[in-house]
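This report looks at aromatic ring pairs and at one helix packing. Please keep the sequence and the model at hand while reading.

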Amino acid sequence: MVYYVVIPAYNEADYIKLTLDSLVSQTRLPARVVVVDDNSTDETSKIVSAYAEKYAFIDLINKESEHIHLPGSKVINAFQEGVKQLDQHYDILVKLDADIILPKNYFEVIINAFEGNSRLGMAGGFAYIEKNGDWILENLTDKDHIRGAFKAYRKECLEQIGGLKPAMGWDTVDELLCRFYNWEIQTFPELHVKHLKPTGAKYDKTARYKQGEAFYRLGYDLSIVTIASLKLASKKGQPLLFIDYMKGYLKAKKEAKPLLVTAEQAEFIRKYRWKKIKSKLF
């Protein structure tokens, strides 16, 4: 199977060399890598250009956008710009962040899984962050969730779910829609991906409200949002985040923000969430 990689990047000069080094060292190399420099003000483009000159399968695309970082929309808009540069001669499409280090066998394991299971829609490893000199699991989500920083999609699955949504919560709605259409998701605990910047390290209050808005746009009801907000705030070790998440949800509900899913999909999502909640309680 052939896989392509798209890497959205914004001011990643401190990290992207490490990401690209881990890519070109894979035991199973990608057929194409497109790095989308999203209006960086540092030397991101210069670094990527050097790799593009050395490796024929790496391309650099420069995109102009605002410097304001809103989780979800900026990165997915850049990702979509990269997808436009691709042909259709691939089986797997990978969305990578520009601040990660992959184990050398990452894609060998991932592609083998896709080749062995025709219903596998998405696959990925686990994120680890450095703390006091050790690399520890960035334990923000359940073990059956693939982090948005390194997601691999079967082309047919990605097309059926309608691509990635340019909004916060994109890396949750994609998996929920994957399950809605009866595709399988597989995570690999043995694949330790080094995440060089902790998730949400630079999020301001507006971005934190966006998390609550994302819960609303996924079709969650108030009970599910309360549980999800408490869980996420607790995992991040910042209990007061719960208030921002709830405010964001209530604001989005008052403004009747458009959902990211259909009414039928929202009903499926609520039932799926309650099923998971109950499975942990009983």
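With rings of Phe, Tyr and Trp (its six-membered ring) paired if their centres lie within 6.5 Å, the count comes to eleven aromatic pairs. The model is predicted, so that local features need pLDDT of at least 70 and side-chain atom pairs count only at pLDDT 80 or more, while totals for chains, interfaces and linings use all residues. Residues are numbered from 1 along each chain as its sequence is written, and side-chain values use heavy atoms, with hydrogens and water left out.

Two of the pairs are set out below, where planes under 30 degrees apart count as stacked, over 60 as edge-to-face and the rest as tilted.

| Pair | Centres apart | Planes | Class |
|---|---|---|---|
| Tyr55 and Phe57 | 5.8 Å | 55 degrees | tilted |
| Tyr216 and Tyr249 | 5.9 Å | 65 degrees | edge-to-face |

The pair of Tyr216 and Tyr249 links distant parts of the chain, Tyr216 lying in helix H7 (residues 205-217) and Tyr249 in helix H9, 33 residues apart; helices here are DSSP runs (H or I, at least four residues), numbered from the N terminus. Tyr249 is buried (under 20% relative accessible area) at 2%, and Tyr216 also counts as buried, at 16% relative accessibility.

Helix H9 (residues 241-254) also packs with helix H8 (residues 222-235), at an angle of about 150 degrees and with the axes 8 Å apart; the axes are lines fitted to C-alpha atoms over the stretch in contact, and angles run from 0 to 180 degrees between N-to-C directions. This makes H8 roughly antiparallel to H9, a term for angles over 145 degrees.

Methods
Helices (H or I, at least four residues) and strands (E, at least two) are DSSP runs, numbered from the N terminus. Angles under 35 degrees count as roughly parallel, over 145 as roughly antiparallel, 65 to 115 as roughly perpendicular and the rest as oblique. Buried means under 20% relative accessible area, exposed over 50%, partly exposed in between (1.4 Å probe, protein chains only).
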